[in-house]
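Dear colleague,

I am passing on the structure we spoke about, and below it you will find a summary of what came out of going through it. Please read the summary with the structure open beside it.

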Amino acid sequence: MTGNGISGFFRRSWAMTVKEFIQMTRDRVTLATMVMLPVMQLFLFGFAINTTPHHLPTAVLMRENTDISRSIIAALENTDFFDLRQTVTRATDMDRLLEAGEVLFVVEIPEGFERSVRRGENPALLVAADATDPVAASSALGALSGIVSHALAGNRATEIGEPREPPFTIIQHRRYNPAGSSTLNIVPGLLGTILTMTLLIFTALAVTREIERGTMENLLSMPIKPMEIMLGKIAPYVLVGLLQAIIIIVAGLFVFHVPLLGSPVALVLLSLLFVICNLSLGYTFSTIASNQLQAVQMTMMFFLPNILLSGFMFPFSGMPDWAQWIGEALPLTHYIRLVRAIMLKGAPLSVLSYDTLALAILTAITITIAIRRFRRTLD
């Protein structure tokens, strides 16, 4: 290759490089995705994700009000493993708190516990744990023995000195998942995760595909209203989403042996609500994006915090407050809670009012945004 040939090669390559850089900077969505995606991953994995969760919501069932009972409560309040939310005196209240997911642990102090401890009878301290999340349950239960032992040692030190062995036995009751099977935790979560990923992508491409092909103008020239276009494009995906949900539920029941203890009707209705919410979100993305690539990029940017901050992969209660606030604004968070509660706990909708209402409100918000964005796009 001659000198002019070499210099020409580099000039043409440099010209293509400059052209590609200019084109990349003009595509703001793609540029923002390239910059923000690694930053988002860094912050989420670095600050929000914790495989040894702390500050887990806990209640105490007090069968007796004694010095030792108060010492145990004080110890739970002073540790960062547990976040003491309530103190109850009835077993029905304990069952309701666990079933509704308001707490993950209930420490039951039985009647005569202090008398048995002082007599050296090695009484049992009962702990009921919501084991639908085995990771959160295991780490906290492992720390409980030392916390209570320290509390009792301080309470009894003036009388008989520091005990060498714990003067009690902890009996653990892992509710809803006695074997601690990760399958029972993952499969219900996969139902919401798969629906989120597929439905967002399906509808995110709906409008951008029509615009790129030039068929949107043809649709608008027909005697059909914009709202009718939107509903008509979403309706088939509602059926697709429900079909996906039914397939995953059936596979969970018969392949992975996940129980369905609650109402199948309630599960289907909530799934329908969740499907509509995701379709509205995807449709909103399609009205913002100028092409199909941008639509997919926006979908993946939204999907990443969903999978990390919803409680699907990591314990929700163990995340910092700011991450939980973001998680509460995600439809997947509430849907996973509802699915796990219905399938594993058999919980009725009456005790799941918070997550049901939150999912309904988020669905209404996404529908409103999708309608307004669609009209603005057409104008």
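**What was found**

A nonpolar surface patch of about 520 Å² is formed by Ile246, Val250, Phe254, Val255 and Phe256. Please bear in mind that the model is predicted. Within this patch, Ile246 belongs to helix H9, which covers residues 226-254, and Ile246 is partly exposed, with a relative accessible area of 46%.

Turning to the sheet, there is an open one of 5 strands in the order E2-E1-E3-E4-E5, and its pairing is mixed. Its edges are strand E2 (82-88) and strand E5 (169-175), each of which pairs on one side only, and the twist from one strand to the next averages 25°. Strand E1 (residues 56-62) and strand E3 (residues 105-109) run parallel and are joined by 5 bridges; in one of the pairings between them, Ala59 has Val106 in E3 as its bridge partner. Helix H4 (residues 91-100) packs on this sheet, where it touches E1, E2, E3, strand E4 (124-130) and E5, and the direction of H4 makes about 140° with that of E2.

The salt bridges come to a count of 11. One of them is between the side chains of Arg175 and Asp95, at 2.7 Å from N to O; because Arg175 lies in strand E5 and Asp95 in helix H4, this pair ties together parts that are 80 residues apart in sequence. Arg175 counts as buried at 16% relative accessibility, whereas Asp95 is partly exposed at 30%.

A salt bridge also joins Asp130 and Lys345, whose closest N and O atoms are 2.8 Å apart. This pair links distant parts of the chain, with Asp130 in strand E4 and Lys345 in helix H13 (residues 331-345), 215 residues apart. Asp130 is buried, with a relative accessible area of 4%, and Lys345 likewise counts as buried, at 12%. Elsewhere, Glu328, Arg337 and Asp355 are joined into one network by salt bridges that share partners.

Two serines may also be worth a look. Ser280, in helix H10 (residues 264-288), is buried with a relative accessible area of 3%, and, leaving aside its neighbours within four places in sequence, Ser280 is in contact with Thr366, Ile367 and Ala370. Ser182, in helix H7 (residues 182-213), counts as partly exposed at 44% relative accessibility; Ser182 and Val135 are 47 residues apart in sequence and 8.5 Å apart in space, C-alpha to C-alpha.

With best wishes

Notes:
Residues are numbered from 1 along each chain as its sequence is written. This is a predicted model: local features need pLDDT of at least 70, side-chain atom pairs count only at pLDDT 80 or more; totals for chains, interfaces and linings use all residues. Side-chain values use heavy atoms; hydrogens and water are left out. Patches are made of residues with over 30% relative accessible area and no salt bridge: like charges are joined within 9 Å, nonpolar side chains (Val, Leu, Ile, Met, Phe, Trp, Tyr) within 5 Å. Accessible areas come from the Shrake-Rupley method with a 1.4 Å probe; for residues, only the protein chains shown count as cover. A salt bridge is a side-chain nitrogen of Lys or Arg within 4 Å of a carboxyl oxygen of Asp or Glu. Helices (H or I, at least four residues) and strands (E, at least two) are DSSP runs, numbered from the N terminus. Buried means under 20% relative accessible area, exposed over 50%, partly exposed in between (1.4 Å probe, protein chains only). Two strands pair if DSSP finds at least two bridges between them. Axes are lines fitted to C-alpha atoms, for helices over the stretch in contact, and angles run from 0 to 180 degrees between N-to-C directions. Contact means heavy atoms within 4.5 Å.
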